[in-house]
Structure formats: C-alpha cells, structure tokens
Amino acid sequence: MAQLTQLPRFVLDLLAACPAAGAGVHRWLFCVARVLHPFYADKRELVALVASAAAGCGREVPAGEVEKAVANSEACAWQPGDNRARPRVRSSKWPEPNLEQIEAIAAAPDSPRLADLWEASPIRCDEPMTEALVDALFPGDPLLCCSWKLDRFFDTGAREEWRGQLDEMQFIVPSPMSAAEGRTKEGNLSPRCLDNTGPRRFLVIEFDGGEADTHAAVLWHLARLAPLALVVHSGGKSLHGWFSCAGEDEEKLHKFMRYAVLLGADPATWTRCQLVRMPDGLRPMPRTWPVRQHVFHFNPANLP
C-alpha cells in the first residue's frame, strides 16, 4: 500500500479537491479512483481512501457508489509517466460547460425562474401525488426499478407491486425495465443494469452545480428542442427535467444530451439504467427531517 506522502502531487491535489454535494461528486469519485489504481493492489484500501476523501462533501456517499467508481475506473486506470492520461473531470466524449452561454440563457429577458416554471405548470402539484404522477408517466403495469437509497435497496417489480410505497422512495429509473433481472458487465444478476433496462421513455437532465433559477432557465431553453414533461426538485439545489423521448433516434438524443451537458447538465443520466429522483418522493437528510422532492412543473400534453 502506498503512503500518502508517496503519491504524486497531482494525485494528492485531486484527493483534496472533492467538490461539494451537487457539484460533481459522483464524477470526482471515478476520476480520483482512476489515478489511484497503480498505487493500491488491494481495492479495499483504495475504496477506504476514496470514501474518506469524500466524507466532507455535504452528502452521504454510499459505499456502493465508491465501490462502483473503483471497479468502473480500473479499465482506464492512469499509468505513471503517461501525462496525456492525467484525468479530466469530464470524459472526452462530453463537452465542458460553457459558462458564458449558461449565464446568457439565465439572463435573457424571457428566461423563467423557478417560480415562473411553477406558475406555468398546466397541472399544479400542490400536494404530494407520487402515485398519480407515476401512473401518468408509466401507464399500464410495466416493470419499474425503484430505490430507497442510491445504489442500495433497489428492486424491479411491476407497477402495481409498488403501489402505496413510492411516495417514500428517493429514486426511479426513468424508463420501464424489460425484465426483473439482467446480467451486469461482471456477469452478476441484478434488478438494475443495462441488460434489463428497456428502451428510453424519458431522458432526464439534471445539473452538477449552480442555482435552481439557472436550472429552470436552461430547462426552458431545452424545452424548445424536446418536449418537457416534468420538472422535479432534488430536495437539495438542483432540478431534474424529464424530457419525453420514446421512439426517438439514439443519435439525435445523444446530440441533445451533448448540448445539455454544454449547458451544465450531468452526463451520468445518459446511461439508461441511471437512477433519478422520484417525482414527489422523499429524500432523507442528515441530522434533519426528510425533504420532499417536489414537482414544480408537470405538462401531461408532453408525455410520450
């Protein structure tokens, strides 16, 4: 095991630079794990180090999230001496945020703030209505993957099996599942993986940083390009925009996602099996009462 003093300076700097919750913690986990692989043969020690470095980020970082970052980054682990492989925060297939463009959109006279998005909602969700929202988003009795905690306590079952439980959950996969279980890349059976996630029904756009008013302006801007069905508050600082995309060409959707990432969106939600915030679900908070993940905008006319 390498001592911290034996690590390269840029690795130490990266370890000490965990962003605040909502500003890209998930991506930082992958980035820092990638450069630590050459120094830690025992992955348990690597997981423990990354988890410790992330402890003060302002949110709970589940052990499973750290373990997945370590496992997924091993295939592209940095090699000492390869300066070209020094990690960037974003994968090269996604653009860096264009801060000037984001600011211009937010400052435009016709750009809404969060309150405007609420006022413009065709249906006002003044009371928690998780079950009714999920019925509208996923009509019939499809298989849905839902979760109480990120990467833990998730399962896949028919819509009716979940009835009465959803308003206490944090996460859901925004597309129906094709089977109760599938095979992960490692060959293990899992109720949530790409193998058992069906075709896209919604592409969810969420944000790494910034304020909710800016997110509202960007989502409204993106709604000129794709039908915006739902806007969910994370219970923290960010908004999640659900864009209907059933039957759309993947290449077209990828271009839309790249543009959203250019405007500050988190590229993680491009993955079809990625969990997103449950509409009107419940988010546990450390040292305080749980927070409702309110729906600020709902337009049934834009459902698939």
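Over how many bridges do strand 7 and strand 12 pair, and in which sense? The views below, all taken from a predicted model, begin with that pair.

**View 1. Strand 7 and strand 12 side by side.** Strand 7 (residues 228-233) pairs with strand 12 over three bridges, in the antiparallel sense. Look for Leu-230: its bridge partner in strand 12 is Phe-298.

**View 2. An open sheet of four strands.** Follow the strands in the order 6-8-7-12, with antiparallel pairing. Strand 6 (202-205) and strand 12 (295-298) are the edges; each has a single partner strand, so one side of each has no neighbour in the sheet. On average, neighbouring strands are turned by 15° against each other, direction ignored. Helix 7 (residues 130-137) packs on this sheet and touches strand 6, strand 7, strand 8 and strand 12. The direction of helix 7 makes about 35° with that of strand 12. Helix 10 (residues 250-262) lies across strand 6 and strand 8, and runs at about 10° to strand 6.

**View 3. Gly-241 in strand 8.** Is this glycine, Gly-241, buried or exposed? Its relative accessibility is 0%, so Gly-241 counts as buried. Beyond its neighbours within four places in sequence, Gly-241 is in contact with several residues, including Leu-203, Leu-219 and Leu-230.

**View 4. Helix 5 packed with helix 9.** Here helix 5 (residues 99-107) meets helix 9 (residues 212-222) at an angle of about 90°, and their axes are 9 Å apart. The two helices are therefore roughly perpendicular. Helix 5 contributes Ile-102, Ile-105 and Ala-106 to the contact, while helix 9 brings Thr-214, Ala-217, Val-218 and His-221. Of these contact residues, five are nonpolar, two are polar and none is charged.

Technical notes
Residues numbered from 1 in each chain as written. Predicted model: local features only at pLDDT ≥ 70, side-chain atom pairs only at ≥ 80, totals over all residues. Heavy atoms only, no water. Axes fitted to C-alpha atoms, helices over the stretch in contact; angles between N-to-C directions. Parallel < 35°, antiparallel > 145°, perpendicular 65-115°, else oblique. Contact = heavy atoms within 4.5 Å. Nonpolar A, V, L, I, M, F, W, Y, C, P; charged D, E, K, R; others polar. Buried < 20%, exposed > 50% of the residue type's maximum accessible area, 1.4 Å probe, protein only. Pairing = 2+ DSSP bridges.
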